[in-house]
Amino acid sequence: ALDLLAHSTANFKGSGLSGTLRLSVAPSFASRWLLKRLDGFRKRFPSISLEPYVGSNVLDFRRSRMDLAIRHGSGDWRGLSVEKLFDEKLWLVGSPRVANALKSRGRAIDLSKTQLLTAHQRRSEWDMWLKETQGGGSVGNRFISYSTQALALDGAISGLGVALADYRLVEDDIHGGRLTQITDHVLDIDRGFYLVWPKSPVVDAKARAFRDWLVDELP
């Protein structure tokens with residue numbers, strides 16, 4: 001009750017849009033999309049000091065003292081308020097050199113001699129990709145598994161192999177010529193990125209401001 005009164009009083013006085021907002025962000029979303037756009041948030045809300053922290057574990061908001069989180073998954077985090085930002089649709093991407101080598105072998109893309117780059121927890125996506133594009137098959141030991149998907153995409157840019165990525169996270173790299181889309185096939189998965197916060201009768205004004213800005217920025 002006291003928290004509710006404090007939030008309501010702060011918002012009524014117009015002081016809700018100042019202070020510090022602590023945000024925990026999934027690594028791939030942070031490095032591939034969010035961080036390069038935060039200057040826009042700062043200019044729109046100069047009185048809010050945003051503190052982003054990179055992390056992927058489901059949060060204990062009370063213990064971590066975070067206000068918001070952006071997480072990758074299926075959205076089934078019990079006891080938390082969840083808003084879907086977007087569903088992931090995965091493309092096969094690689095550096096221009098790797099893409100040209102694959103396409104030069106003929107019309108069909110042959111992944112048998114290529115390293116498949118992924119995060120540890122996302123290896124099953126390659127099974128789904130092979131099932132849809134090649135009728136199945138095993139990826140064997142051709143994985144290079146990273147701790148985060150962001151590192152897997154860095155590996156693809158470096159020419160170490162190919163990766164699966166949502167367009168939103170590699171758009172700048174494609175326009176900059178660091179990555180290219182190798183096939184037209186798009187893999188729909190039952191996961192995406194979500195904005196997550198503690199259940200509360202009142203949402204902090206700073207958190208609402210960030211949410212509104214974030215939704216406006218997403219394509």
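Glu-125 is buried in this predicted model, with a relative accessible area of 1%. Despite that burial, Glu-125 takes part in a salt bridge with Arg-191, in which the closest N and O atoms are 3.1 Å apart. The two partners come from distant parts of the chain: Glu-125 belongs to helix 6, which spans residues 124–134, and Arg-191 to strand 9, with their positions 66 residues apart in sequence. The pair does not stand alone, for salt bridges that share partners join Glu-88, Arg-122, Glu-125, Asp-190 and Arg-191 into one network.

A search of the whole structure finds 18 salt bridges, and two others involve helix 3. One of them is formed by Asp-39 and Lys-43, whose closest N and O atoms are 3.2 Å apart. Both residues lie within helix 3 (residues 38–44), and their spacing of four residues corresponds to about one turn of the helix. The relative accessible area of Asp-39 is 35%, so this residue is classed as partly exposed. Lys-43 has a relative accessibility of 59% and therefore counts as exposed.

The other joins the side chains of Arg-44 and Asp-216, with an N to O distance of 3.3 Å. Here the link runs between distant parts of the chain, since Arg-44 is in helix 3 and Asp-216 is in helix 9 (residues 205–217), 172 residues apart. Arg-44 is partly exposed because its relative accessibility is 44%, whereas Asp-216, at 52%, counts as exposed.

The overall composition of the chain gives these local features their setting. The chain has nine helices and nine strands. Of its 219 residues, 43% are buried. Among contacts with a separation of 6 or more, 81% are between residues 24 or more positions apart.

Helix 5 shows how burial is arranged on a single element. Within this helix, which covers residues 96–103, Val-98, Ala-99 and Leu-102 are buried. Seen down the helix axis, the buried residues fall within an arc of 100°, and therefore they line one face of helix 5. The face turned away from that buried side carries Arg-97 and Asn-100, both exposed. The cover over the buried residues of helix 5 includes strand 7 (162–166) and strand 8 (180–181).

Ser-95 lies in the loop between strand 4 (80–94) and helix 5. Its relative accessible area is 5%, which means that Ser-95 is buried. Which residues does Ser-95 contact, leaving aside its neighbours within four places in sequence? They are Ala-156, Ile-157, Gly-159, Arg-178, Leu-179 and Thr-180. Thr-180 is also one of the two residues of strand 8 (180–181), an element that helps to cover the buried residues of helix 5.

Another loop residue, Arg-65, has a contrasting setting. Arg-65 is in the loop between helix 4 (61–64) and strand 3 (68–73). With a relative accessibility of 63%, Arg-65 counts as exposed. Most residues other than glycine have a negative phi. The phi of Arg-65, however, is near 65°, a positive value in a residue other than glycine. Arg-65 is also 7.6 Å from Arg-22, C-alpha to C-alpha, although the two are 43 residues apart in sequence.

The remaining topic is empty space. Rolling a probe the size of a water molecule over the atoms shows where such space is left. The second largest pocket holds about 260 Å³. Its lining comprises 15 residues, of which Ala-26, Pro-27, Ser-56, His-72 and Gln-121 are the closest to the centre. Helix 2 (27–34), strand 3 and strand 9 (187–198) are the elements that give two or more residues to the lining. Strand 9 thus appears in two settings, as a contributor to this pocket and as the element that holds Arg-191, the salt-bridge partner of Glu-125. By residue class, the lining of the second largest pocket divides into five nonpolar, seven polar and three charged residues.

Conventions: Residues are numbered from 1 along each chain as its sequence is written. This is a predicted model: local features need pLDDT of at least 70, side-chain atom pairs count only at pLDDT 80 or more; totals for chains, interfaces and linings use all residues. Side-chain values use heavy atoms; hydrogens and water are left out. Buried means under 20% relative accessible area, exposed over 50%, partly exposed in between (1.4 Å probe, protein chains only). The arc is that of the directions from the helix axis to the C-beta atoms. Contact means heavy atoms within 4.5 Å. On a 1 Å grid over the protein atoms alone, a cavity is a set of points where a 1.4 Å probe fits but cannot get out, and a pocket is an open set with protein on both sides within 12 Å along at least five of seven lines; lining residues have an atom within 4 Å of a point. Grid points are joined across faces, edges and corners, and a volume is the space filled by probe spheres set on the points. Ala, Val, Leu, Ile, Met, Phe, Trp, Tyr, Cys and Pro count as nonpolar, Asp, Glu, Lys and Arg as charged, and the others, Gly among them, as polar. A salt bridge is a side-chain nitrogen of Lys or Arg within 4 Å of a carboxyl oxygen of Asp or Glu.
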